[in-house]
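Trainee: I should like to take a close look at a single part of this structure. Please guide me through one strand and its surroundings.

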Amino acid sequence: MNTDPSQVQLTANGRLKHFLTTEGLSRELLTEILDTADSFISTQERAVKKVPLLRGKTVVNLFFENSTRTRSTFELAAKRLSADILNLDIARSATSKGETLMDTLWNLEAMYSDMFVVRHADSGAAHFIAEQVTPNVAIINAGDGRHAHPTQAMLDMLTIRRHKASIEGKVVAIVGDILHSRVARSQIYALNTLGAAEVRVIGPGTLLPKDTEALGCKAFYRMEDGLKDCDVIIMLRLQKERMQNALLPSEGEFFKLYGLTEQKLAIARPDAIVMHPGPINRGVEIESAVADGMQSVILNQVSYGIAVRMAVMSMAMSGQQQEKNELLAAGQNDQEEA
Amino acid sequence: MRYLHIENARLIDPSQNLDEVCDIYVAGGRIATIGHKPASGEIEQSINAQGQWLVPGFIDLGAHLADPGYPQKGTIASETRAACAGGFTHVCALPDSKPVADSSAVIQQVLEKAAQAGYASVLPLGAVTQGLAGEQLANMYGLREAGCVALSNARQPFKDSYVLRRVMEYAATYDIPLFLQAEDVSLSDGGCMHEGPVATRMGLSGIPATAESIALAQIILLAEQTGARIHISQVSCARSLQMLSQARQKGLNISADTPLANLVYTDAAVTGYNSQFNVRPPLRSDADRQALLAAVNNGELAISSNHRPHEIAAKKAPFADAEAGMSMFDFFVPLALQLVSSNELSLAALIRAVSNQPAQLLGLEQALKEGSWFNAVLLDPTASRLADESSMHSKGTNSPLIGSRLEGAVSAVFADGRRVF
């Protein structure tokens, strides 16, 4: 039970069987995810987009938090892998009627699902589910509290790799509400593992977590300092409720200090790219001229999202299958020895 | 006279400067002689305690017994028996039961149940405010008359400094001791672990050290003003210890304890989201843990169990959703002795912190000396076993130690001369 999240997601021989966090995964494994996603991008451009890798498998979208965009890309990814998909909008059903998370899980297990795609408001929820469900059910983390959103991070890595040739040696700045961001955490781990020269976070003290350097990044309070020499700028979405919690005075002041304008963009390298996990608040974290400008790759990110999710789902399913085969083989050996 | 004779045990009682292997004779509930046979009488029972330690029974300064109100977590009978398994002869019961222990009726019920069960004695801590709501004073005098040894806020906030001031003034009038837990809930709100690098990595909301130290500053200043007798329960931060020793230097008589878990574990234990490590106060940094250990070794800090039993479902949830608390009683001795074998705590400091200091604070007679009531625990430091749920006496099996090997165990507990475990 007391195992590190990064290890729970691997089989004995280091293959992916769940995808819970980018923390602690090897460079080889992260690169394999990106390579696999690259290969799916080409299938997405064909007239017939489906591949049969998950044929006969049942994928359950288990969203305890509302999300249309992430849920639909997972749904599309599962369908393009030929899986059967069930969408459960738990945010509005069972747990709100007092059923515990464990009860929900036991019910779903009884339906013989092969994979859960989980989004939950609690950090560690996907990890908890991975430890509690029966073996051979793959768990894909679609966002747990402030902890991790690994598929979003990997699609961002794919975006950087496709637009900047490589992540190695790049200076990357993540701007805005780092404190509440599961995306930022997953990005920082992936960027460091994939060889980024420097990962920076830029924001006011109220929106940077305590001991930020524990994540493996450098903290900046001013855009003027943090954007210097940057190859990649990742803007994060600012939630409206931050203003009510005494974390920020106003959207206006935030935009003035941290909103990405053409002027601030000019501080970075001339060929820097601008990214945003979406949905964008125009005029809060980014101005339209930049969001729709030449250096923005925001829309490309969305289309890579499906390929990355297909990659992760197929890899985790094959890891589960391998583990199952090994267990069966071990069982047969035991019988023969007996 | 008919005697209970314990032979060859190593008798250790720092309050008596006692640490030697010798025999002890008990009659009529009291220690008759130490080191020599009584002049007359016969031996009714003899226990050979070769290789074992006989120390004064432990007195717990704060445990959640879950009774009345939470039979799925624990009952007075199950938890006081578990307390004996942990070497405790006396347990201060926190008032956060359901109903809250804010009336003499609840206190009577608790005391009756404890007497009926016949294991560790329960020393009730009454609620300092009605319903622990932090607004109106509970019948503080009446609660003391009903048997409360002190009154506590059980980690519930006071509405404002005004209420806390009046609580202290009223308590000071009748010299009622207050056991206060320092927490500024506006700073800890939503937090489920220590605020620090681990919380940042795990994406869990942190409880800053200032949540404790700011509330402690408020308590210290009002204690200076009112002259109330204050004990700070469950200190977790190094900064709090500095503030306490400064207050003592200024002449304030203020004592404190720390939960055993905070001496053993740090926030690093939360890596892996094991909900058994979701506790209040939270497990802090290693620097905090080292400062707490130093304070115990110096005799400035007592150790409490902060025992809090839970049913399995309460812990089977994502970390932040799991109920806080650890079932401490059953494995208290091996866990504490672990600190002695790692040389982080001296054996004498441990016994002082779990027995001598609490006894002094509560005015109890708990010493290994002739004429005293025989409240003692016989420990076997070499006993080794595997921690499993089925061997636990507490109803709550919420311990991170399940499955691990434990060194050291309680072989017998005596309360007023009667063997209760």
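In β10(B), which residue is the bridge partner of Leu151(B)?

Mentor: The bridge partner of Leu151(B) is Leu178(B) in β10(B). Please bear in mind that the model is predicted. A second bridge partner can be named on this side: Ser152(B) is matched with Phe179(B) of β10(B). Strand β9, residues 150-152 of chain B, thus pairs with strand β10, residues 178-181 of chain B, in the parallel sense over 2 bridges.

β10(B) also pairs with strand β13, residues 230-233 of chain B, again in the parallel sense, here over 4 bridges. Within this pairing, Leu178(B) stands opposite Ile230(B) of β13(B).

The side chains of β10(B) deserve attention as well. Leu178(B) and Leu180(B) point one way from the strand, whereas Phe179(B) and Gln181(B) point the other way. Each of these four residues is buried.

The connection from β9(B) to β10(B) involves helix α4, residues 161-173 of chain B, and the three elements make a right-handed β-α-β unit.

Finally, the wider setting. β10(B) belongs to an open sheet of 8 strands with parallel pairing, in the order β6-β7-β8-β9-β10-β13-β14-β15 of chain B. At the edges stand β6 (58-63) and β15 (302-304) of chain B; each has a single partner strand, so one side of each is left without a neighbour in the sheet. Neighbouring strands of this sheet are turned by 30 degrees against each other on average, direction ignored. Elsewhere, helix α1 (residues 76-85) of chain B lies across β6, β7 and β8 of chain B, running at about 135 degrees to β7(B).

How values were computed. Residues are numbered from 1 along each chain as its sequence is written. Chains are lettered from A and ligands numbered from 1 in the order in which they are written. This is a predicted model: local features need pLDDT of at least 70, side-chain atom pairs count only at pLDDT 80 or more; totals for chains, interfaces and linings use all residues. Two strands pair if DSSP finds at least two bridges between them. Axes are lines fitted to C-alpha atoms, for helices over the stretch in contact, and angles run from 0 to 180 degrees between N-to-C directions. Two residues are in contact if their C-beta atoms, placed from the backbone, lie within 7 Å. A residue is buried if 20 or more other C-beta atoms lie within 10 Å of its own, exposed if 12 or fewer, and partly exposed in between; C-beta atoms are placed from the backbone. A crossover is right-handed if, with the strands pointing away from the viewer, the path from the first strand over the helix to the second runs clockwise.
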